[in-house]
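Biologist: Please take one part of this structure and go through it closely. I would like the strand pairing first, then the surroundings.

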Amino acid sequence: MASLRAYVLTRILLTIPMIFILLTVVFLVMRVLPGNPVIAMVGMKASEEQIRQLMHQLGLDKPLWRQYLDYLSRVLRGDLGNSMIWGRRPVIDEIMDHFPATIELTISGFAVSVLLGIVTGTAAGLRRGTGLDLAMRVYSIVVYALFIPWLGMMLQYVFGVKLGWFPVGGRIGPMMEPEHVTGLYVLDSILTLNWGSLASALRYLTLPSLTLGVVLSGVYTRLVRTSLSEVLEQDFIRAARSRGVSERVVLFRHALKNAFIPILTMMGLQFALLLAGAVLTETTFSWPGMGTFLMERIIYRDFTTVQGTIVFYALFVALVSLVVDLIYAYIDPRIRY
Amino acid sequence: MRRRSGISRAAVGALIVVVLLILVGAYLAMRPSPAPTTAPPATTTGAPPTSPPAPKYADTIIIGVTDKVSDLDPAMAYDFYTWEVFNNIGEGPFKYKPGTTELIPGIIESYEVQEGGKVYILHLRQNLKFADGTPCTAQTLKWSIDRVARIQGDPAWFVLDFVNYTEVVDDYTLKIVLQQPVAFFPAVLAVPTYFPIPPDKYPADQVSSDNTAGSVGPYKIVKWVRDQELVLEANPYYYGEPPKTKRIIVRFYKDATSLRMALEAGEIDIAWRTLNPTDIQDLRGKPGIKIYENPGSFIRYIVINTNIPPFDNKLVRQALAAALNRQAICDTVFMGTTEPLYSLVPNGMWSHVDAFKEKYGDHNIELARQLLQQAGYSEENKLVVDLWYTTTHYGDTEADVAALIKAAWEETGMIQVNVHSAEWSTYLDLTRQGQLPVTLYGWYPDYIDPDNFLYPFLHTGSNRWLGEPYSNPDLDALLEQAQVELDQNVRAQLYQQIQQILAEDAPIIPIFQGKLVLAAKDNVQGIVLDPVMLLRYYLLVKLAEG
């Protein structure tokens, strides 16, 4: 137990230099690029004098080292600062406005991909060398190669325009937002017992999470297949079978659980990828999340928002990978920290 | 045997899961949701019918846009879409008569111009109220204008560049003293920067981006979820005719294709700014969908930095102006959703002359070759042009525009064009530093007056944003004179003269003028598009379905 605590502590402490390095790199890269938020926003229309004034307001006229130190000291105090464009809203508010949408999409896309991956991978792994196996392998390659906006548009066209089953874009129906609790509409609808909102939120969530989930499921299909067939050939499986343990117990209790370790590793890694894939899905489905938001702010050189968002992302990914590591220990008794 | 049965059980299990998922999905999809997207809530019930027996109008219209609302604060908002929202929830001293570019009094009953155009006395309507019922007086308007100057946000120049000070004469009279006479000041008074806002709802010296207090216009904001949805309802205290549709819902889309599909799927009634040319082409002739088109006052042009050789040579610039093939760009890239433009002043605006067409024609390769020869170029010794464009601001069509410009110029056989692209912020910054010789830009007017289409481009110092590519003292004098001249006929003559000089010197070559295109369900009426480029939600009606 003590060693586990030491491990968690070390991981958390290691996050600090990581964030510091990331922050410095992002700070420099954003400023090395030509252009700044004032030019990007009013560069065409405002006079020289007004541009100077706006730069002064934002502290962009100070020397770079000064801007950097000011920024660092603010971050250390837990203040991500204010956005530099539009209403100059606090960066943390901007993140809180967009992050729940991304998390909701990511979690459901993740669930779809894992579910699809395990089902198809198990089917292939259990029937190695058969036509089904071949079909599943082809499936995994094809979906992995799919371009998210293309798949999204096809689903929009078939299920949205032609069949009218699901909406083509947005996060929830007009005037259907549930009362704000967590910002995750599905969860908030359940918490506030708002079934109308829940139905609407799920309908809007279906196509985007299917798009994201299908594309990312290919990796799991292959992994589950390989991992499962390796495990199935091991002695303990043969021993279990010879003891007369039912095939279902062999599959679920022994084989899949052991095959799960590499899959779990992949889940941890995929999570960061999911956040990236979410950018394209968000754009295709007009999902008001972080991906499109961050892209827009990079274009307008909103220094503080980009820095803050990336730090936030990094912390989040670090947290997820820590949680995944802890789950290993729980699943695999051989792993001890 | 055992093994086989185990596998099939797993397969059956998986199958059941999949079937269940499909069933749940289908159930949710089929289930009549409380606010169906195809038919807005309370289509015919609820509010008393606005027009007694005849056509029944729906009380909700849903508009889809790919734009975003930046700041719901007149002191910071400086983009077309947010201004459109303000024009539906607020009103300034002046406004445009729908369907025209004619200015009419808005929240004022009358006004006087004194001291040769230097002083404006505004007499406010006495029954102006904000959406919460608090009255709006001269003090409120003064506070709102002074607040813009104090906050110094993006659009502050509308006040700082023109106004010396404001003074309350009485509760319903405001005096605005300008720094110098400005002929087009009523047009400036029509921008949302001059809209009154409630002082008890907006902080005095801070921007309030998500403020839903609104102004004194036909609608008020009842719901605002950033990047998702904006819900407007009729403002019961509006002084004028109440809006024809009680509720307007604006849904925000991230790309044009989703916007178009949302219209086809019936999720929205109107697909507004901005559809792709290809999507518009596709939607034409689709049953149940109607396309509306009208020339806008949004212009596109080529900027040549005359400080960079060989573009300091007038003959070179003239050759580029002559060879340009505007029609090909409008037809091929924009599929007829734009029209060729031969001046910086848009077609249809007073004082407009087709100066470039008169001087060079269009796609006049012969003339271009002659001019290039005079400038010392030949097929062996080609003029090399570095043409820059950006897709981050002007969209993916920009690469095609650049390709067609290159094609037309290279048709002379005496020009070699190298095309480069950069990201918006980089592009603007490099242009500003005077590093890019030939660039593509576009302009959305701030106020509808020829001044706004000429002065910022041609007046020395004002075109600093283009890297000060051009300076002509004679032209400066004419531009300054036209700004203070109050007689519109004299101004028109001055602007025509300016346009001729522009065509002769060709530091900027106009390409095309955008059309406003909107696609709507065919039961939507009251859509008025005009060069002011604002959609008036309060004029829209939708025939109730069924």
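Modeller: What follows starts at one strand of chain B and then turns to a second strand and the chain contacts. Keep in mind that the model is predicted.

Take strand S14 of chain B, residues 383-389. Five of its seven residues are buried, so the strand is largely enclosed by the rest of the structure. S14(B) pairs with strand S15 of chain B, residues 415-421. The sense is parallel, over seven bridges. One bridge joins B:Val384 to B:Gln416 in S15(B). S14(B) also pairs with strand S16 of chain B, residues 438-443. That pairing is parallel too, over two bridges. Here B:Leu387 has B:Val438 as its bridge partner.

Now a residue in another strand. B:Phe94 sits in strand S2 of chain B, residues 94-96. B:Phe94 has 22 C-beta neighbours inside 10 Å; the cut-off for buried is 20 or more, so B:Phe94 counts as buried. Leaving out residues up to four places away in sequence, B:Phe94 touches B:Leu103, B:Pro105, B:Gly106, B:Pro186, B:Leu189 and B:Ala190. B:Gly266 is 172 residues from B:Phe94 along the chain, and their C-alpha atoms are 36 Å apart.

Last, the contacts between chains. In chain A, 62 residues are in contact with 62 residues of chain B. Elements giving two or more residues to the chain A side include helix H5 (91-126), helix H9 (195-232) and helix H11 (247-284) of chain A. That side divides into 29 nonpolar, 20 polar and 13 charged residues.

Methods:
Residues are numbered from 1 along each chain as its sequence is written. Chains are lettered from A and ligands numbered from 1 in the order in which they are written. This is a predicted model: local features need pLDDT of at least 70, side-chain atom pairs count only at pLDDT 80 or more; totals for chains, interfaces and linings use all residues. A residue is buried if 20 or more other C-beta atoms lie within 10 Å of its own, exposed if 12 or fewer, and partly exposed in between; C-beta atoms are placed from the backbone. Helices (H or I, at least four residues) and strands (E, at least two) are DSSP runs, numbered from the N terminus. Two strands pair if DSSP finds at least two bridges between them. Two residues are in contact if their C-beta atoms, placed from the backbone, lie within 7 Å. Ala, Val, Leu, Ile, Met, Phe, Trp, Tyr, Cys and Pro count as nonpolar, Asp, Glu, Lys and Arg as charged, and the others, Gly among them, as polar.
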